[in-house]
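Visitor: Please pick a single part of this model and look at it closely, then place that part in the chain as a whole.

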Amino acid sequence: PWKALKALSPLLVVGGLLGWNTSRLERLHVGAFGSEWDYGFLDRIGIAARALLHYAWNSLLPIEQIFFYPRYEVGWQAVSNLLAVAAVVAIAGAAIWLVRKGHRGVFACLGIFVGSAFPALGFLNVYPHRFSFVADHFVYIASAGLICLIWSSYLWLATRILQRWFDEKYLWIPVVIVIGLY
């Protein structure tokens, strides 16, 4: 893992610098500063957890999508924020447990999703957060990590379990059903 991190470090540095520049432009030129963005770090963790769950849910089941989602309550007095943080911690714990068991794919897919969505998770001030903390178009690229996770999970399930019960020539049927949902 350290060799891979060392190899990726130039890209991470460039990405960090570009993200910092975007944040600076949002503050100085777009106007993403003031009381609407005055949240503490723990508040931003709650915002990020709810945004991650929202984006994951809408990527898995894209129904009732709207252009402007209601801006949800910020702060630890909201039980939904605590539940969202607990869910994200549980998912991260499960992914780390799978890595220790030798299955790195789930962690990689979730890492791509979270890393790509990071600028829109509420840690950086962006002007659209004045109206809503989530917008589906923030995670078009990031959802690739979830899509890979869903399809690799399906393939794992199909090859390990369904193969025992069904003939291989019928494994394409769930694929058509899932594609039909979109």
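Guide: Accessible areas here come from the Shrake-Rupley method with a 1.4 Å probe, and for residues only the protein chains shown count as cover. On that basis the chain has an accessible surface of about 12400 Å², and 72% of this area belongs to carbon and sulfur atoms. The model is predicted. The chain has six helices and zero strands, and from the N terminus its elements run α-α-α-α-α-α. Its C-alpha atoms fill a box of roughly 60 × 45 × 30 Å along the principal axes. Of its 182 residues, 27% count as buried. Among contacts between residues at least 6 apart in sequence, 74% join residues at least 24 apart.

The part chosen for the close look is Tyr69 and what surrounds this residue. Tyr69 sits in the loop between α2 and α3. Tyr69 counts as buried because its relative accessible area is 9%, and the cut-off for buried is under 20%. Not counting residues up to four places away in sequence, Tyr69 touches His54, Asn58, Glu64, Phe131, Ser132, Val134 and Asp136. The C-alpha atom of Tyr69 is separated by 7.9 Å from that of Phe133, although the two residues are 64 apart along the chain.

Take the partners in α2 to begin with. Helix α2 covers residues 41–60, 20 residues in number, and reaches 28 Å from its first C-alpha to its last, close to the 28 Å expected at 1.5 Å a residue. His54 and Asn58 are both among the buried residues of α2, and both are touched by Tyr69. Others buried in this helix include Tyr55, Ala56 and Ser59. An α-helix has 3.6 residues a turn, so residues three or four places apart point the same way. His54 and Asn58 can be read with that spacing in mind, as two contacts that Tyr69 makes.

Glu64, another contact of Tyr69, lies in the loop between α2 and α3. Most residues other than glycine have a negative phi. The phi of Glu64 is near 55°, a positive value in a residue other than glycine. Is Glu64 buried or exposed? Glu64 is exposed, because its relative accessible area is 74%, and exposed means over 50%. Buried Tyr69 thus has an exposed residue, Glu64, among its contacts.

The remaining partners named for Tyr69 are Phe131, Ser132, Val134 and Asp136. The loop between α4 (105–117) and α5 (143–165) also holds Arg130. The salt bridge count for the chain comes to one. The side chains of Arg130 and Glu36 form this salt bridge, at 3.2 Å from N to O. The pair links distant parts of the chain, since Glu36 is in the loop between α1 and α2, 94 residues from Arg130. Side chains of opposite charge can pair when their charged atoms come close. Both partners are partly exposed: the relative accessibility is 34% for Arg130 and 26% for Glu36.

Beyond the loop that holds Tyr69 comes α3, residues 79–100, where Asn81 lies. Asn81 is buried, because its relative accessibility is 3%. Leaving aside neighbours within four places in sequence, Asn81 is in contact with Gly46, Arg50, Glu73, Val74, Gly75 and Trp76. Of these partners, Gly46 is one of the buried residues of α2.

For comparison, consider a place in α5. Leu149 lies in that helix and is buried because its relative accessibility is 17%. Its contacts, without neighbours up to four places away, are Val106, Cys109 and Leu110. The disulfide count for the chain is zero. Cys109 is in no disulfide, and the nearest cysteine sulfur, that of Cys148, is 5.3 Å away; the cut-off for a disulfide is 2.5 Å. Cys109 is buried, with a relative accessible area of 12%, whereas Cys148 is partly exposed at 46%.

A part of the surface in α1 can be set beside these buried places. Trp2, Leu5, Leu8, Leu11 and Leu12 make a nonpolar surface patch of about 600 Å². Leu5 lies in helix α1, residues 2–30, and is partly exposed, with a relative accessible area of 40%.

Notes
Residues numbered from 1 in each chain as written. Predicted model: local features only at pLDDT ≥ 70, side-chain atom pairs only at ≥ 80, totals over all residues. Heavy atoms only, no water. Patch = residues over 30% accessible without salt bridge, like charges linked within 9 Å, V, L, I, M, F, W, Y side chains within 5 Å. Salt bridge = Lys/Arg side-chain N within 4 Å of Asp/Glu carboxyl O. Helix = DSSP H or I, 4+ residues; strand = E, 2+ residues; numbered from the N terminus. Buried < 20%, exposed > 50% of the residue type's maximum accessible area, 1.4 Å probe, protein only. Expected span 1.5 Å × (residues − 1). Contact = heavy atoms within 4.5 Å.
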